Structure formats: C-alpha cells, structure tokens
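Q: Please take a close look at one part of this predicted model. I would like a connected account that starts from a single residue and moves outward to the packing around it.

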Amino acid sequence: MPDEPEDFQPPPEFLHQLAKRDRAAVATLASECAGPLLDHLRKTRRRHGRPEEEWYDIVQDILAKFLAKDAPAVDPNRPLLPYLRQIALNRARDLAKEAKRRAERE
C-alpha cells in the first residue's frame, strides 16, 4: 500500500477482492482508511458538529455500507480515500440534522 494515505488508490484486483468480501482486503481497507477518516472528521468538526464519541461509529458505518453497496462500482482509476471522506462528512451532517429535528420535536 502507498506511504501516503492520500494516495490510497487500490489496484483493480484489490477492489475485486473487496467486492467478494475477502477478509484480508476488508482488513486492509479498514487499516488504511479508518485513521484518515477519523482525522477528516476531526478537521471538519465545525462543518458537521457531531461529538467525537460518534466518529468511530460513523467510520464503521460508512465502511460497512461501502463494502455492502459501493465496492463493486468504484472506479479503479480514482483514489478511494477522497470518496470515503466525502461519505463520512455527509453521514456526520445527516446525523446532525437528525439530532436537530429530534431536539425540535421534544
């Protein structure tokens, strides 16, 4: 895997292994992307407003959904981490909106 997590651009065979839910590929995805995704949530906390206690759940949730739905459709010519970062930010924002709506109803 690359030295810089920014450059995490897995080869097509890795993406194929992910699509098949290969245990080693899933572990590699988690180890390569979880830390940078948590860092991204930390850097963008003003844009999403979710507490740090929820960040691990957000990362786990998006990685699981990515494996279930998006892994087979990823373009192997594009880096994976920016895509996952945007999903993490969107999920955090969605959770913030849900919390705000819930608070308004109560």
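A: H48 has a relative accessibility of 5%, and because the cut-off for buried is under 20%, H48 counts as buried. H48 belongs to helix α3, which covers residues 45-48. Once neighbours within four places in sequence are set aside, the contacts of H48 are L41, W55, L89, A92, R93 and A96.

Two of these residues, L41 and W55, reappear where α2 meets α4. The axes of α2 and α4 approach within 10 Å and cross at roughly 135°. That angle makes α2 oblique to α4, and the crossing is right-handed. On the α2 side the contact consists of V26, L29, A30, A34, L37, L38, L41 and R42. On the α4 side it consists of W55, Y56, I58, V59, I62, L63, F66 and L67. By class, this contact has 15 nonpolar residues, one charged residue and no polar residues.

The next level is the largest nonpolar core, with 24 residues. L18, L29, L37, F66 and L84 have the most contacts inside this core. At least two core residues come from each of α1 (12-19), α2 (23-43), α4 (55-70) and α5 (81-105). The largest share is that of α4, with seven residues.

L84 shows how some of these residues meet. With neighbours within four places in sequence left aside, L84 is in contact with L29, C33, L37, I62, L63 and F66. Among these partners, L29, L37, I62, L63 and F66 also take part in the contact between α2 and α4.

Terms used: Residues numbered from 1 in each chain as written. Predicted model: local features only at pLDDT ≥ 70, side-chain atom pairs only at ≥ 80, totals over all residues. Heavy atoms only, no water. Helix = DSSP H or I, 4+ residues; strand = E, 2+ residues; numbered from the N terminus. Buried < 20%, exposed > 50% of the residue type's maximum accessible area, 1.4 Å probe, protein only. Contact = heavy atoms within 4.5 Å. Core = buried A, V, L, I, M, F, W, Y, C linked by side-chain atoms within 4.5 Å. Axes fitted to C-alpha atoms, helices over the stretch in contact; angles between N-to-C directions. Parallel < 35°, antiparallel > 145°, perpendicular 65-115°, else oblique. Left-handed = near helix turned anticlockwise from the far one by under 90°. Nonpolar A, V, L, I, M, F, W, Y, C, P; charged D, E, K, R; others polar.
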